[in-house]
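Me: Let's go through this structure together. I'll ask about the ligand and a sheet, and you give short, reasoned answers.

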Amino acid sequence: MRDAAPQTIHLSDYTPPNWWVEAVELDFTLDPKVTRVTSRIRFVRNTQVARGDLHLDGEALTLISASIDGASLSENEYQRTDTALTVPADRLPEDAFTWEAEVQISPAENTALEGLYMSGGMYCTQCEAEGFRKITYYPDRPDVMAPFTVRIDSPMPVLLSNGNPVDRHGHIAEWHDPWPKPAYLFALVAGDLVAYSDHFITRSGRTVALNIWVRRGDEGKTHYAMGALKRAMTWDEEVYAREYDLDVFNIVAVDDFNMGAMENKGLNVFNSKYVLASPETATDRDYELIEGIIAHEYFHNWTGNRITCRDWFQLCLKEGLTVFRDQQFSGDMRGEAVQRIDNVLQLRARQFREDAGPLAHPVRPESFVEINNFYSATVYEKGAEVIGMLKRLVGDDGYDKALDLYFTRHDGEAATIEDWLRVFEDATGRDLSQFKLWYLQAGTPRISVRDDFKNGTYILDITQVTNPTSGQADKHPLVIPVAVGLIGADGEEVVPTRVLELTQTRQSFRFEGLSARPVPSILRGFSAPVILDYTPGFEDRALLLAHDTDPFNKWEAGRSLSRDTLLAMLRDGTPPAAAFLDALTTVVRDDTLDPAFRALVLALPSEHEITQGCVDAGMVPDPTQIHETRKALADRIAGAARDTLEAIYNQMVTAGSYSSDSVPSGKRALRNTALRLLTPLDGPARARAHYDTATNMTDQLAAFACLLDAGDTEVAVRFHDQWQHDRLVLDKWFMLQVAHAKPQDAVKYAKSLSEHIDFDWKNPNRFRSVIGGLTATNPAGFHDPSGAGYAFLADWLLRLDAINPQTAARMSTAFETWRLFDVDRQALIEEQLRRIAGADGLSRDLTEMVGRMMAG
Ligand code: PHE
Ligand code: ZN
């Protein structure tokens, strides 16, 4: 029996299960082609609902046998489709029974990397969101939680699953996880792995064994991740009073992984890119990401695992909160100001982009076809912003009280956004019914500001509007916390930060007792994920760039000047104003400021940000022209700041052995920015020396990029010779060559790299390096007027979709901005979208994405 066409699932259709699971036992006999899985599941009736059928999910399973309370089931006692097995209620014992089944699966043939699969000779699993159903028949939904006992039979030397080890003899290992969990948190790993081990003593005095498991040869690259794990464990005890709850915590690095990492209970599985690091092979940015992701997955132990989601519509309950927590952690580890700017850059680049296009959806979506398509920037990053706003509105104490209540009230449960908001209401007494709209309404709100000054009173008149998004025409006003400070003409702060609560479409706020008209610093710390339509004159922004006490807005002032400068250059060739170049140079030269901050001030808006800027300003964006103009501005800045940049290059040298801490990595960031700006002016000699003397990957890669820009072809050969044995460094080699190809050559380069002997399209990291290298890091190349970039992406999406739909669907979002461009490009992209949509056997994942992009 075949299932009908892909179905849309609606939040409003949620119903609790008929049967709960009391306990699960799983036995695995591992074999690449024929793995046997035996399940023994104790079901008990859900007495809250009418007695009903037993519904089990199952996909790509060969059923060998099934029984209930020891009596085997014949085929006429259940119904089976491609995706489910149902036993009618009248065939089931009254209140409780034990289901046993034996199935066969084939991990070696599993290229989708979901369920049980093989990577580099090891077995591993990925079950979130709906991968467990590819392992055995089970109610694969997050509200069904149970303790798991797992036996693994395999000659592999290392056999791991969730929870605590119970037994190990011969080829058999047994694990028991006492904490009830949904099936998506199940994990199993078997392989010839080596551990880097340590331990952690919790604040109540329990010792936890910590292991990071890697393939032989990678042992030397695990120290940093281990340190990060221990810092995260300490931080969660200190800041959230959350202790770890098992005897062991295992992390495994795998090379083939669709996402970043996965928080399986007691057995986190990581994309090796986010675990393995050595100074020679990983950049400062890699170190930062490793620390953040290790923390993120660890923090899920409480926000996601102990308290999970009732259904997948509530995904932001765990992801928004866990991103918020990892951002807090990274801010504490690396400096709040720079961290906040980084987060906002990321939010604008990914989430604002999503919210402005056909894929816009609420933080809590109301329907989906394929849940994998909703692990989105909106759910994760806007989800985290919403929590930041909530904290600002109820205050730090209110937030702490609400979280304590959340952890006590919902421990062991599968909760909803309603539950989450209720704890805030109960803990603080605040009515959050209007605030809830942040979870329900898609689109980025725009706020515009008009000001007035009369008789010592300064008035800010603020308006909010959210444009319609696909499927959501009417928008209501949101609660928007707008943090504002006022600066006097002399640069002194006259009113420190005050949080204005915007709740209506239009509202006025008054500041009394001022002696002169101030310059407002609005949306300090980026207090809400909104677009601020307010551009004070040049003088005012230069004042903020020089004097704002809020580091975010100080940076933002420079950013907005850069953006306007670029737009003016694009519109009619207006050259950058000398005063702008001076103001920028002054900040960059200021050595009382953090070097990492100064590097951020020098970073120009991305090509996508300029594209959106053009659209907002009523211009048709031309990707080639945007690319060239951005380069021209960089050259102008370099020319104007030349002495400063040379001094920086000479001074910002980090002495001693490599450390990825924020201070030395900030220095490297600034120094390498100077190198990048100076190279087009002075020629490649400095970059060559930088490359030859580099003792870490951050410096080597920075020089590599400069040399590629300078047209040095020999450096790519040298780089490859040096690093061909290291897959993670090779990913960088692939990506940088595409990123730094001249736009007119980029597709050609990407094509020839995709034919390179080291190109393995089945490995998601490698695929992303080349195909994502083109779409994400060389927009002018991707948008080549010939349409070759679009055809190249479509070809690869179709090919990948047949073996790995999840990653294919994710990569298709390169097309989400298509409506921003000129009609010719739109027609070329539409042609490719239609070609994909019309292909035979397209996955549910890619069908949904392409459909949404064409409809919106
Ligand atoms: N839950 C993972 C995280 O946020 C992400 C993930 C989703 C990984 C789906 C794999 C598959 O940490
Ligand atoms: Zn997560």
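Me: How many residues surround ligand 1?
Reply: This is a predicted model. In it, the closest residues to ligand 1 are Glu 128, Glu 263, Glu 297, Glu 319 and Tyr 380. The full count around ligand 1 is 13 residues.

Me: How many charged residues does the shell around ligand 1 have?
Reply: Sort the shell by class. Nonpolar residues number five, and polar ones three. The charged residues number five.

Me: What distance separates a nitrogen atom of ligand 1 from an N or O atom in the side chain of Glu 128?
Reply: Polar contacts are counted within 3.5 Å. Oxygen atoms of ligand 1 lie 3.3 Å from a polar side-chain atom of His 296 and 2.7 Å from one of Tyr 380. For the nitrogen atom and Glu 128, the distance is 2.5 Å.

Me: What share of ligand 1 does the protein bury?
Reply: Start with ligand 1 taken alone. It then exposes 320 Å². Of that area, the protein buries 97%.

Me: Which elements each supply at least two residues of the shell around ligand 1?
Reply: Look at the secondary structure. One strand qualifies, spanning 261-262, along with helices at 284-299 and 315-334. They are β20, α2 and α3.

Me: Now the open sheet β4-β8-β7. Which strands stand at the edges?
Reply: The three strands pair in the antiparallel sense. Two of them have a single partner strand each, so one side of each lacks a neighbour in the sheet. Those edge strands are β4 (54-57) and β7 (79-80).

Me: Which residue in β8 stands opposite Arg 80?
Reply: β7 and β8 (residues 84-87) are joined over two bridges. Opposite Arg 80 stands Leu 85.

Note on methods. Residues numbered from 1 in each chain as written. Chains lettered and ligands numbered in written order. Predicted model: local features only at pLDDT ≥ 70, side-chain atom pairs only at ≥ 80, totals over all residues. Heavy atoms only, no water. Near = heavy atom within 4 Å. Polar contact = N/O pair within 3.5 Å; in protein donor to acceptor, adjacent residues only side chain to side chain. Areas by Shrake-Rupley, 256 points an atom, 1.4 Å probe, with all protein chains shown as cover. Helix = DSSP H or I, 4+ residues; strand = E, 2+ residues; numbered from the N terminus. Nonpolar A, V, L, I, M, F, W, Y, C, P; charged D, E, K, R; others polar. Pairing = 2+ DSSP bridges.
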